[in-house]
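Me: I would like a close look at one part of this model. Please start with the second strand and work outward from there.

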Amino acid sequence: IIPCRNEARHIEQCLSGILAQDYPPDRMEVIVADGMSDDGTRDILAAIAARDSRVRVVDNPKRITPAGLNAAIKASRGEVIIRVDAHTEYAPDYVRQCVAVLKETGADNVGGPALTKPNNYVEQAVAAAYHSFFGVVGARFHQPNYEGYVDTVTYGCWPREVFERVGLFDEELVRNQDDEHNLRIVRAGGKVWQSPRIRSWYAPRGSLSALCRQYFQYGYWKVRVIQKHKLPASPRHLVPGAFVASLLGLGILSVPYPGARMLLVAEVCIYALAALVASVAAAAKAGWRLLPVLPAVFACYHFAYGLGFLVGVWDFVVLRHRGRFTKLTR
């Protein structure tokens, strides 16, 4: 199943990779849920579907990812559901390995690590920070060689009965609908498993502004997930918001209380030192030429997510809104 909208630049390459999988062709169908694209994506999809009967296109009038996923699931017929993202490149054995790992582990959802395939300089720096412990506070699905139980995986592969048991994706969540669905699986006694045999390569954001928008949305919608379930899936989800809140609080208190100003300076210096050390470690692995921009990349991850989280608290908890940022932006 592939949710997409205005993916004329990527959808043909994505489908070519999926249709060339080494899985038996007669045992696979490809359902594309298109969010009413107006950039030529529909014409590309129509041409591909005319050439290959395995491809079917369904409408996603709500134009957001969870609605597209649900429309594709409802239209599908298979016993196993595998999610695919249009911005990602997949190994030729991706489908086969998903099905094999699902059978071997008996898990309710399986997936591979979040591997990246950067192109330009900024994308390379974003990818280096993406795989850093400091960048993602130790999230296991960012660890390329980790195999075992996790709280969430990239994309996902499920037995159909899982959706019958725990429900479809929450269409209120523009972001984090996959995290929330995995949380429902785990809370229902199910298991989520990651295997490095399942390989795909994600194209990271190509600018710092795009990265900030992405992680602001992640932080913002994470609040709604926590509010819905009364508990975070992991304590790491609270760290960026708590950090930014402490900086804002100390900044306000520093006006009447000079002692708070000293604490604020100390906290900023500690973070800057930690970011510098993490940048050196990441650059040592990914290339020293990335070092100048890595501190800014780490700051985008942490401050954008944290600020989004705080805005989410204000909207969802204090004002009890249903969410202001209902359009998905890349």
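Reply: Here is that strand, followed by its surroundings and some other parts for context. This is a predicted model, numbered from 1 along each chain as its sequence is written, and local features need pLDDT of at least 70, side-chain atom pairs count only at pLDDT 80 or more, while totals for chains, interfaces and linings use all residues. Side-chain values use heavy atoms, with hydrogens and water left out.

Strand S2 covers residues 30-34 and pairs with strand S3, residues 55-59. The sense is parallel, over five bridges. Strands count as paired if DSSP finds at least two bridges between them. Helices (H or I, at least four residues) and strands (E, at least two) are DSSP runs, numbered from the N terminus. Valine 32 has valine 57 of S3 as its bridge partner. Strands of a sheet pair through backbone hydrogen bonds, either parallel or antiparallel.

S2, helix H2 (residues 41-51) and S3 form a right-handed β-α-β unit. Right-handed means that, with the strands pointing away from the viewer, the path from the first strand over the helix to the second runs clockwise.

Now the loops on either side of S2. Proline 25 sits in the loop between helix H1 (11-19) and S2. Proline 25 is exposed because its relative accessibility is 52%, and the classes are buried under 20% relative accessible area, exposed over 50%, and partly exposed in between (1.4 Å probe, protein chains only). Proline 25 and arginine 54 are 29 residues apart in sequence, with 8.1 Å between their C-alpha atoms.

Methionine 36 lies in the loop between S2 and H2. Its phi is near 55°, a positive value in a residue other than glycine. Most residues other than glycine have a negative phi. With a relative accessible area of 28%, methionine 36 is partly exposed.

S2 also helps line a pocket. S2, strand S4 (80-82) and helix H4 (94-105) each give two or more residues to the lining of the second largest pocket. On a 1 Å grid over the protein atoms alone, a pocket is an open set of points with protein on both sides within 12 Å along at least five of seven lines, where a 1.4 Å probe fits; lining residues have an atom within 4 Å of a point. The second largest pocket holds about 490 Å³ of space, a volume being the space filled by probe spheres set on the points, which are joined across faces, edges and corners. Its lining has 20 residues, with Arg27, Met28, Glu29, Gly78 and Val80 nearest the centre. That lining divides into 13 nonpolar, two polar and five charged residues. Here Ala, Val, Leu, Ile, Met, Phe, Trp, Tyr, Cys and Pro count as nonpolar, Asp, Glu, Lys and Arg as charged, and the others, Gly among them, as polar.

Now some context from other parts. Strands S5, S11 and S7 form an open sheet in the order S5-S11-S7, with mixed pairing. S5 (88-90) and S7 (115-116) are the edge strands, each pairing on one side only. S5 and S11 (residues 200-202) run antiparallel, joined by three bridges. Glutamate 89 has tryptophan 201 of S11 as its bridge partner.

Asparagine 176 has a positive phi too, near 65°. It is in the loop between helix H7 (160-166) and helix H8 (177-187). Asparagine 176 counts as buried, at 5% relative accessibility.
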